[in-house]
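Student: Could you pick one part of this chain and take me through it slowly? I'd like to see how its residues sit among their neighbours.

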Amino acid sequence: MWRVLDQSLSAHSLLRDRYDRRQRGVTVLVLTLSIVATAGAFVSAENIIHIGPIAAHRATWLGVLTALIFFVTLVSLVTNWSRQAWMHEDSARRLSELKGQMRAATLEGDRVDEPPGIDLRVLYEETMARITAIPERKFLSMKAKHQRKVAVSKLIDSHRGAPVMYLRLLAILQGMRGGASDASKAKPDESVEAPPV
């Protein structure tokens, strides 16, 4: 449960950040184009404006900018990146809370001692049922990014002071070089792929 939880938390955090960046990028683009269109209405008194090799009337350029603003706004409405970012943020928050509760459990041999009054399995299943699903086509790339993050985290401990970019490259190279041997060393339960949540 811990392994799937940790992987799901990484995936939802990555997707939240991705959709948030896209939405902010679209918002900044719309604002920038709106400012340029507004400035273009007042700045140039010339009827013909040259932008690179293309020459057109000022009204034509303003019309193109306005159409572009409208198109980008429609793309933002259709993709609904802000809602997707919020859904993955909500999932990441729920999973973080569950992870905190699971940390309170202690392991003695093969037995897990749960905190008093908490059934971790029930809590885990309830939380997983309430979070948004990770799209099937993104599951493998999210899993790979999570595994790379874990590998880089371990490399940071053993290579103190090394740049993170170097450690990311080292993790990728080690994964490519030792992939087959690592898979053969995996325990039976570790080789079973966790289903997408």
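Tutor: Happy to! Let's warm up with Thr106, which touches Arg111, Val112 and Asp113 once residues up to four places away in sequence are set aside. Keep in mind that we are looking at a predicted model. Thr106 is found in strand β3, which covers residues 106-108. With a relative accessibility of 40%, Thr106 counts as partly exposed.

Before we zoom in on a helix, here is the whole chain. It has 7 helices and 4 strands, and reading along the sequence gives the pattern α-β-β-α-α-β-β-α-α-α-α. Of the 197 residues, 28% count as buried. Among contacts with a separation of 6 or more, 71% are between residues 24 or more positions apart. Keep that number in mind as you look for partners from distant parts of the sequence.

Now to our part, helix α3, which takes in residues 81-103. Let's start at Asn80, in the loop between α2 and α3. What is the phi of Asn80, which is not a glycine? It is positive, at about 55 degrees. Asn80 is also partly exposed, because its relative accessibility is 33%.

Next, find Glu89, a residue of α3. Its relative accessible area is 34%, so Glu89 is partly exposed. Which side chain does the side chain of Glu89 make a polar contact with? The partner is the side chain of Arg16, at 3.1 Å. Glu89 and Arg16 are 73 residues apart along the chain, yet their C-alpha atoms are separated by 5.6 Å.

Follow the helix on to Arg94, also in α3. Arg94 has a relative accessibility of 27% and therefore counts as partly exposed. Leaving out residues up to four places away in sequence, Arg94 touches Thr127, Arg130 and Ile131. From Arg94 to Met128 there are 34 residues in sequence, and 8.9 Å in space from C-alpha to C-alpha.

That brings us to a second helix, α4, made of residues 120-130. Two packed helices are described by the angle between their axes and the distance between the axes. Here, the axes of α3 and α4 come within 10 Å and cross at roughly 170 degrees. Angles over 145 degrees count as roughly antiparallel, and α3 and α4 are therefore roughly antiparallel to each other. On the α3 side of this meeting you will find Arg94, Leu95, Leu98, Gln101 and Met102, and on the α4 side Leu120, Leu123, Tyr124, Thr127, Met128 and Arg130. Sorted by class, this contact has 7 nonpolar, 2 polar and 2 charged residues.

Now look at Lys99, again in α3. Is Lys99 buried or exposed? Its relative accessible area is 12%, and since buried means under 20%, Lys99 is buried. Apart from neighbours within four places in sequence, Lys99 is in contact with Trp2, Leu5, Asp6 and Leu9.

Finally, let's see how the helix takes part in the interior. In soluble globular proteins, nonpolar side chains tend to be buried together. The largest nonpolar core in this chain has 14 residues, and those with the most contacts inside it are Leu15, Tyr19, Val26, Val30, Ile69, Ile134 and Met142. Three elements give two or more residues to this core: α1 (2-43), α2 (58-79) and our helix α3. The largest share, 7 residues, comes from α1. Tyr19 is a good residue to pause on: not counting residues up to four places away in sequence, it touches Trp81, Gln84, Ala85, His88 and Lys138. Apart from this core lies another one, of 12 residues, including Leu5, Ala92, Met102 and Leu120.

You can now join up some of these pieces. Met102 belongs to that second core, and Met102 is also one of the α3 residues that meet α4. Leu120 is in that second core too, and Leu120 is among the α4 residues on the other side of the contact. Leu5, another member of that core, is in contact with the buried Lys99.

Definitions and conventions: Residues numbered from 1 in each chain as written. Predicted model: local features only at pLDDT ≥ 70, side-chain atom pairs only at ≥ 80, totals over all residues. Heavy atoms only, no water. Buried < 20%, exposed > 50% of the residue type's maximum accessible area, 1.4 Å probe, protein only. Polar contact = N/O pair within 3.5 Å; in protein donor to acceptor, adjacent residues only side chain to side chain. Axes fitted to C-alpha atoms, helices over the stretch in contact; angles between N-to-C directions. Parallel < 35°, antiparallel > 145°, perpendicular 65-115°, else oblique. Contact = heavy atoms within 4.5 Å. Nonpolar A, V, L, I, M, F, W, Y, C, P; charged D, E, K, R; others polar. Core = buried A, V, L, I, M, F, W, Y, C linked by side-chain atoms within 4.5 Å.
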